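Good morning, colleagues. Please look at the sequence and the structure as they appear on the screen.

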Amino acid sequence: MSKTSRRVVFGVLLIVTLVVSTGAALGYLGRLTLVFDRHPGKALAILEEVPGPPDGPKCAIDARYLDEAPDGMRPEVLQAWKSLRSKASQQGVQLCLNDGKRSRQQQQKEFDEAVEKFGTEELASRYVLNPPDRSAHVHGYAVDIQPIESAQWVEKNGSTLGWCRRYENEQWHFEYDTRYTTGGCPPLEKSATGS
């Protein structure tokens with residue numbers, strides 16, 4: 001091996017070593033996350049950390065609610081939300097996205113606030129799931145629609161676009177699944193915890 005070839009090999013090895021060392025250091029410090037999607041079509045683990053908007057403008061038809069941006073949803077869910085909203089608009093119905101994507105931290109905060117409101121974790125868990133990873137909002141495929149009249153329209157018309165109400169005690173909560181378009185909505189569960 002010539003002197004020039006050894007220098008080139010040494011230089012390449014040095015660069016590779018520096019890149020790997022830098023990546024390891026950044027990973028250790030939490031500044032670099034490498035994600036490998038082992039389940040094509042399912043949300044990457046990092047999606048659970050993506051926060052949704054903390055608030056938004058007031059709902060134009062009922063100022064008690066928000067109409068937040070659909071940021072953080074999975075791409076296919078975002079497209080389905082846009083289709084649902086368009087179909088509703090064509091029929092003269094306005095849908096306000098009162099709550100969409102949440103991160104784990106946002107879900108935990110929601111639960112903590114529900115505990116304060118209802119007094120116990122058991123009562124709070126009827127409306128806000130804990131631990132956070134159980135929530136469809138954290139996984140990016142659930143929306144809370146207000147006002148209730150708009151949510152009722154979605155309950156009647158949403159399944160053809162993949163949206164179904166899931167819980168008896170939450171008229172506003174809908175989840176997206178492509179199977180709903182052909183199979184219809186599954187039976188309502190009593191609450192998010194089943195009780």
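I shall speak about the disulfides, then about one glutamate, and finally about the pocket. Please bear in mind throughout that this is a predicted model.

Let me begin with the disulfides, of which there are two. In general terms, such a link is a covalent bond between the sulfur atoms of two cysteines. Counting bonded cysteines along the chain, the pattern is 1-2, 3-4.

One disulfide is formed by C59 and C96, with 2.0 Å between their sulfur atoms. The torsion about their S-S bond is about 70°, so this disulfide is right-handed. The pair connects distant parts of the chain, 37 residues apart: C59 sits in the loop between α1 and α2, and C96 in strand β1. Are these cysteines buried or exposed? C59 has a relative accessibility of 2% and therefore counts as buried; C96, at 0%, counts as buried too.

The other disulfide joins C164 to C185, with an S to S distance of 1.9 Å. Here the torsion about the S-S bond is about -85°, so the disulfide is left-handed. This pair also links distant parts of the chain, with C164 in strand β3 and C185 in the segment after α6, 21 residues apart. C164 is buried, with a relative accessible area of 1%, whereas C185 counts as partly exposed at 37%.

C164 brings me to E175, since C164 is one of the residues that E175 touches. E175 is located in strand β4. Its relative accessible area is 8%, and because the cut-off for buried is under 20%, E175 counts as buried. Which side chains make polar contacts with the side chain of E175? The side chain of H173 does so at 2.8 Å, and that of Y167 at 3.3 Å. Leaving aside residues up to four places away in sequence, the residues touched by E175 also include A136, Y141, W163, R166 and Y180.

I turn lastly to the largest pocket, which holds about 780 Å³ of space. It is lined by 31 residues, and those closest to its centre are D99, R102, E110, V128 and D144. Two or more lining residues come from each of β1, α3, β2 and β4. Which element gives the most to this lining? The answer is α3, with eight residues. By class, the lining comprises 13 nonpolar, eight polar and 10 charged residues.

Thank you for your attention.

Terms used
Residues are numbered from 1 along each chain as its sequence is written. This is a predicted model: local features need pLDDT of at least 70, side-chain atom pairs count only at pLDDT 80 or more; totals for chains, interfaces and linings use all residues. Side-chain values use heavy atoms; hydrogens and water are left out. On a 1 Å grid over the protein atoms alone, a cavity is a set of points where a 1.4 Å probe fits but cannot get out, and a pocket is an open set with protein on both sides within 12 Å along at least five of seven lines; lining residues have an atom within 4 Å of a point. Grid points are joined across faces, edges and corners, and a volume is the space filled by probe spheres set on the points. Helices (H or I, at least four residues) and strands (E, at least two) are DSSP runs, numbered from the N terminus. Ala, Val, Leu, Ile, Met, Phe, Trp, Tyr, Cys and Pro count as nonpolar, Asp, Glu, Lys and Arg as charged, and the others, Gly among them, as polar. Buried means under 20% relative accessible area, exposed over 50%, partly exposed in between (1.4 Å probe, protein chains only). A polar contact is a pair of N or O atoms within 3.5 Å; within protein, one must be able to donate a hydrogen and the other to accept it, and residues adjacent in sequence count only if both atoms are side-chain atoms. Contact means heavy atoms within 4.5 Å. A disulfide is a pair of cysteine sulfur atoms within 2.5 Å.
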